[in-house]
Amino acid sequence: MATNQQRRERQRQNILQAARKLFMRDGYKVTHIKDVATEANVSQVTLYKYFDSKLALGHQVVLEMIVEGYADYQKMVDDHTRSFRELIQLMITTKTGYAVEMSDDFYQFVSDDMRGALGNDDAQQLYQAGKEKFWDSVITRGRAAGMISPKLSNEALMMYLDMYVQYFSAPTSHPVIGDAKTYKHYADQLMHLFFYGFIGNPPQSDDQSAKEQIN
């Protein structure tokens, strides 16, 4: 039999899943607390026991997305049945598809939360906490496959990553991009440029795939 704490955690997660579904589909601004409560099949009073505002709810959804994102991508990296080339392509398509599925409004909310523009820097801190471990594992696989240029140091690669993340966190600051909707339009191209720029040494032919396959 579930304890009260376990039941409360299940209810909390149910509310978060409902909020995430609505934010992703409809957007953050147009989604009201009553909509989330209805989707989660709880009263607004119950919802407020867990989250004291829509902002707090949205912020927690972003934190959950960061944790789940690291876990999902780490599974990809740890799956050595894929070559490193296949891994990179999977990461590109997954990231691009996720951006396309997200409403423009919530995409902007996530960007704002990631750069600490919504009252705290919890999202940025959580991202930073998992960054080194995850990207070290990506770099290790890439070097073992011979697909990351030996001329590129780990430090330079992490600086490159940080530059991209900083840009992602404030896409509206770029005069060409202007808003999250336009940024999403270029998501596939930007992911391609990011990952293959990260590699710095793309294979010249499929003949190199044999080495990749075991790393």
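This passage describes one helix, the cavity beside which some of its residues lie, and a buried serine in a predicted model. Residues are numbered from 1 along each chain as its sequence is written, and side-chain values use heavy atoms, without hydrogens and water. Local features need pLDDT of at least 70 and side-chain atom pairs pLDDT 80 or more, whereas totals for chains, interfaces and linings use all residues.

Helix α10 (residues 187–199; helices are DSSP runs of H or I of at least four residues, numbered from the N terminus) has 13 residues and reaches 18 Å from its first C-alpha to its last, close to the 18 Å expected at 1.5 Å times one less than the number of residues. Ala187, Met191, Phe194, Phe195, Phe198 and Ile199 of α10 are buried, that is, under 20% relative accessible area with a 1.4 Å probe, protein chains only. These residues cover an arc of only 135° around the axis, taken from the directions to the C-beta atoms, and therefore lie on the same side of α10.

One cavity of 30 Å³ or more is found in the whole structure, a cavity being a set of points on a 1 Å grid over the protein atoms alone where a 1.4 Å probe fits but cannot get out. The largest cavity holds about 70 Å³, as the space filled by probe spheres set on the points. Ten residues line the largest cavity, and Lys95, Tyr107, Tyr164, Ala187 and Met191 are the closest to its centre, where lining means an atom within 4 Å of a point.

Ser137, in helix α7 (residues 122–144), counts as buried at 18% relative accessibility.

Note on methods
Helices (H or I, at least four residues) and strands (E, at least two) are DSSP runs, numbered from the N terminus. Buried means under 20% relative accessible area, exposed over 50%, partly exposed in between (1.4 Å probe, protein chains only). On a 1 Å grid over the protein atoms alone, a cavity is a set of points where a 1.4 Å probe fits but cannot get out, and a pocket is an open set with protein on both sides within 12 Å along at least five of seven lines; lining residues have an atom within 4 Å of a point.
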